[in-house]
Amino acid sequence: MTAFDDDRPAPRGELTLQVIPLPVDTNANGDVFAGWLVKQMDIAAATMAGRISQGRNATVAMDRMEFLSPLRVGSQVGCYCELVDIGRSSMKINVEVWTLDRTAKNPRKVTEGLFVYVAIDEHGRIREVPEQGL
């Protein structure tokens, strides 16, 4: 980012999941369920955690979320993941959600949250995260 684009916020992290909410994903008022969005964020972060841990992982915590703007049916929703920290067996991944409405020219941020995963083996027991090559 340069001084010339400071007024144009952009997602942090890599695009890990892109999806479009459908009418079936809404409540009686036509708004996309927050739970649907949390599910997409968990899928995106778990995908990154799986690549990092080179195997199975489990969600163990999720930090609070604030919804900054509504999510509309038919908009493109992107989950951007950024690895924040790796412990012996855990991974902290920040997920930002950005949306591009069907008639919009610029994306807007919807929410973000911090997800924590642990690497697990085939029996569901905690295991070490493999050393990461830089």
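**Exercise 1. With which residue does glutamate 112 form a salt bridge, and how far apart are the closest N and O atoms?**

Before we start, note that this is a predicted model, in which local features need pLDDT of at least 70 and side-chain atom pairs count only at pLDDT 80 or more, while totals for chains, interfaces and linings use all residues. Residues are numbered from 1 along each chain as its sequence is written, and side-chain values use heavy atoms, with hydrogens and water left out.

*Solution.*
- Step 1: Recall the rule: a salt bridge is a side-chain nitrogen of Lys or Arg within 4 Å of a carboxyl oxygen of Asp or Glu.
- Step 2: Look at the partner. Glutamate 112 pairs with lysine 109, and their closest N and O atoms are 2.6 Å apart.
- Step 3: Check the surroundings, where buried means under 20% relative accessible area, exposed over 50%, and partly exposed in between (1.4 Å probe, protein chains only). Glutamate 112 is partly exposed at 28%, and lysine 109 is partly exposed at 23%.
- Step 4: Widen the view. Through shared partners, salt bridges link Arg12, Glu96, Lys109 and Glu112 into one network.

**Exercise 2. Work out the order of the strands in the sheet and say which of them stand at the edges.**

*Solution.*
- Step 1: Know the terms. Helices (H or I, at least four residues) and strands (E, at least two) are DSSP runs, numbered from the N terminus; two strands pair if DSSP finds at least two bridges between them.
- Step 2: Read the order. The open sheet has 5 strands, arranged β1-β3-β4-β5-β2 with antiparallel pairing.
- Step 3: Find the edges. β1 (14–19) and β2 (57–62) each have a single partner strand, so one side of each lacks a neighbour in the sheet.
- Step 4: Add the twist, which averages 35° from one strand to the next. Angles run from 0 to 180 degrees between N-to-C directions, and axes are lines fitted to C-alpha atoms, for helices over the stretch in contact.

**Exercise 3. Follow β3 and β4 through their pairings.**

*Solution.*
- Step 1: Begin at β1, which is joined to β3 (residues 76–86) by 5 bridges. Here glutamine 18 has glycine 78 of β3 as its bridge partner.
- Step 2: Go on to β4, joined to β3 by 10 bridges. These two strands form a hairpin with 3 residues between them, and aspartate 85 stands opposite lysine 92 in β4.
- Step 3: Continue to β5, which 10 bridges join to β4. Glutamate 96 stands opposite glutamate 112 in β5.
- Step 4: Ask how enclosed β4 is. Of its 11 residues, 8 are buried, so the rest of the structure largely encloses β4.

**Exercise 4. Name two salt-bridge partners of aspartate 101, and explain what one pairing ties together.**

*Solution.*
- Step 1: One partner is arginine 72, with the closest N and O atoms 2.8 Å apart.
- Step 2: Place the pair. Aspartate 101 lies in the loop between β4 and β5 and arginine 72 in the loop between β2 and β3, so the pair ties together parts that are 29 residues apart in sequence.
- Step 3: Arginine 108 also meets aspartate 101 in a salt bridge (3.1 Å, N to O).
- Step 4: Compare the accessibilities. Aspartate 101 counts as buried at 13%, whereas arginine 72 counts as partly exposed at 42%.
- Step 5: Finish with the total: the count comes to 10 salt bridges.
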